[in-house]
Each structure stands twice: as C-alpha cells, then as structure tokens.
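Dear colleague,

Please find below the structure that I am handing over to you. After it, I set out what was found in it.

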Amino acid sequence: MSVPSDPSSSADEADFVIPATVPPFFGRPGMERALLLARGVRRMLIHHGMRSMLEVPLANNRRADILALAGDGSVTIVEIKSSVADFRADHKWGDYLEFCDRFYFAVGEDFPQELIPEECGLIVADGYGAEILREGPEVKLNAARRKTLLLRVAMQAFQRLHQVEDPRPTAL
C-alpha cells in the first residue's frame with residue numbers, strides 16, 4: 001500500500017509550517033507529525049465530498065482531532081495517532097463514538113496496523129494524502145444529537161473564520 005504523495009513539492013516533513021489557523025490547543029507531543037497526518041487525511045476527505053475542521057470541542061468536553069461533515073449531514077470523526085506511544089496513552093477514543101456516524105483512526109505507514117481495534121475504521125496517511133484501509137462501521141446519530149452537534153460545529157467554524165478575518169475585534 002502506498003499513500004499518494006506529491007513529488008512536485010520540494011518541501012519535506014521537516015519544512016512543514018504549522019498553519020496560523022490551527023487552534024492553539026493542538027499542542028501535544030508529536031504535534032508536527034500529527035498535523036502532517038491531519039493534512040493528508042483532510043485532503044482525502046475532500047475527495048470523498050466532506051469538509052473538515054481540526055480539534056473540534058464536543059459536548060462531553062473531548063476534542064475530536066478531525067471532525068468532517070458530508071453534504072448529507074453525516075458526521076465522521078478521525079482520531080490521529082502519530083505514534084504507538086500516542087495510541088497506547090489514549091483511552092478516550094470511545095467517548096467520540098456518540099458524536100459521529102463513522103469513526104476512524106488515522107496513522108502513518110510505519111504504524112503497526114494490528115493495534116487498531118477491528119471495530120474502528122483505519123486510514124493510513126502522510127502529509128500529502130491518505131487512504132481508507134478499513135471502513136468505520138456506520139452508526140447513525142439520532143436527529144436531536146445531530147442538530148445540536150451541527151449547530152455547535154457551525155458556531156465554532158464561524159468563530160475561527162472571524163478570528164482569521166478580524167484577529168483583533170472590538171469588545172462588545
């Protein structure tokens with residue numbers, strides 16, 4: 001299996017610049033690698049007709065690494081694992097399941113894929129693209145939770161866009 005790469009680019013992973021729009025709370029060990037994997041996953045999601053955001057706060061005080069919406073309103077959450085240590089230290093991934101229709105782990109090509117639970121989707125990524133190796137099972141959100149979640153995501157997206165467009169707003 002080979003993840004799509006961009007041979008026309010001269011930038012390697014060491015030259016990756018963290019975008020200014022990444023929320024400041026995306027600060028954990030392996031952040032640069034996690035952001036590279038996230039970039040590849042988000043590019044792949046676009047090809048699947050979805051749009052996504054990084055580090056989306058959920059109602060249970062967890063933050064989804066990537067939350068993606070499809071045109072039909074379906075919600076996908078992708079948890080980025082930049083290393084085996086990152087995966088083994090994370091026992092909270094089950095808390096995301098009640099906020100999505102599908103759930104995936106995204107890992108690099110060097111990650112031992114047998115560690116990913118069979119009941120989860122699996123994506124292999126790099127900084128340029130990604131490939132779904134195993135679909136996450138679909139478990140539909142109920143209508144009330146979907147509405148609440150979509151409103152929460154929209155408000156968060158508007159706030160982030162506002163911060164980009166007007167980084168120093170006046171106080172209300």
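**The two cysteines**

The sulfur of C100 lies 9.5 Å from the closest cysteine sulfur, that of C120, which is too far for a bond. Please note that the model is a predicted one. A disulfide is a covalent bond between the sulfur atoms of two cysteines. Seen from the other side, the sulfur of C120 has C100 as its closest cysteine partner, again at 9.5 Å and too far for a bond. The structure accordingly holds zero disulfides. Are these cysteines buried or exposed? C100 is buried, with a relative accessible area of 2%, and C120 also counts as buried, at 0% relative accessibility.

**The overall arrangement**

The protein chain contains three helices and six strands. Read from the N terminus, these elements follow the order α-β-β-β-α-β-β-β-α. The chain has 172 residues, of which 41% count as buried. Its accessible surface comes to about 9,800 Å², and 55% of this belongs to carbon and sulfur atoms. Among contacts with a separation of 6 or more, 57% are between residues 24 or more positions apart.

**Helices α1 and α3**

Helix α1 covers residues 31–47, which is 17 residues. From its first C-alpha to its last it reaches 24 Å, close to the 24 Å expected at 1.5 Å a residue. Its buried residues include M31, L35, A38, V41 and L45. Which strands do the buried residues of α1 pack against? They pack against β1, β2, β3, β4, β5 and β6, the last of these being residues 130–134. After α1 comes G49, whose phi is positive, near 80°.

Helix α3 covers residues 143–165 and has 23 residues. It reaches 33 Å from first C-alpha to last, close to the 33 Å expected at 1.5 Å a residue. At its start, a side-chain oxygen of N142 comes within 3.2 Å of the backbone nitrogen of A144. The buried residues of α3 are R146, L149, V153 and R160. An α-helix has 3.6 residues a turn, so residues three or four places apart point the same way. The buried residues of α3 pack against β1 (50–57), β2 (63–70) and β3 (75–80).

**The nonpolar cores**

The largest nonpolar core has 23 residues, and those with the most contacts inside it are L58, L67, I77, F103, F105, I116 and L149. At least two residues of this core come from each of β1, β2, β3, β4 (102–107), β5 (121–125) and α3. The largest share, three residues, is supplied by β4. L67 may serve as an illustration: leaving out residues up to four places away in sequence, L67 touches residues including M53, V56, L58, I77, L149 and V153. There is also a second, separate core of 20 residues, which includes M50, A70, I80 and I123.

**A buried glutamate**

E79 is found in strand β3. Its relative accessible area is 1%, so E79 counts as buried. What does the side chain of E79 join through a polar contact? The partner is the side chain of K81, at 3.0 Å. Beyond its neighbours within four places in sequence, E79 is in contact with several residues, among them D65, D90, K92, Y96 and F103.

With kind regards

Definitions and conventions
Residues numbered from 1 in each chain as written. Predicted model: local features only at pLDDT ≥ 70, side-chain atom pairs only at ≥ 80, totals over all residues. Heavy atoms only, no water. Helix = DSSP H or I, 4+ residues; strand = E, 2+ residues; numbered from the N terminus. Buried < 20%, exposed > 50% of the residue type's maximum accessible area, 1.4 Å probe, protein only. Contact = heavy atoms within 4.5 Å. Areas by Shrake-Rupley, 256 points an atom, 1.4 Å probe, with all protein chains shown as cover. Expected span 1.5 Å × (residues − 1). Polar contact = N/O pair within 3.5 Å; in protein donor to acceptor, adjacent residues only side chain to side chain. Core = buried A, V, L, I, M, F, W, Y, C linked by side-chain atoms within 4.5 Å. Disulfide = S-S within 2.5 Å.
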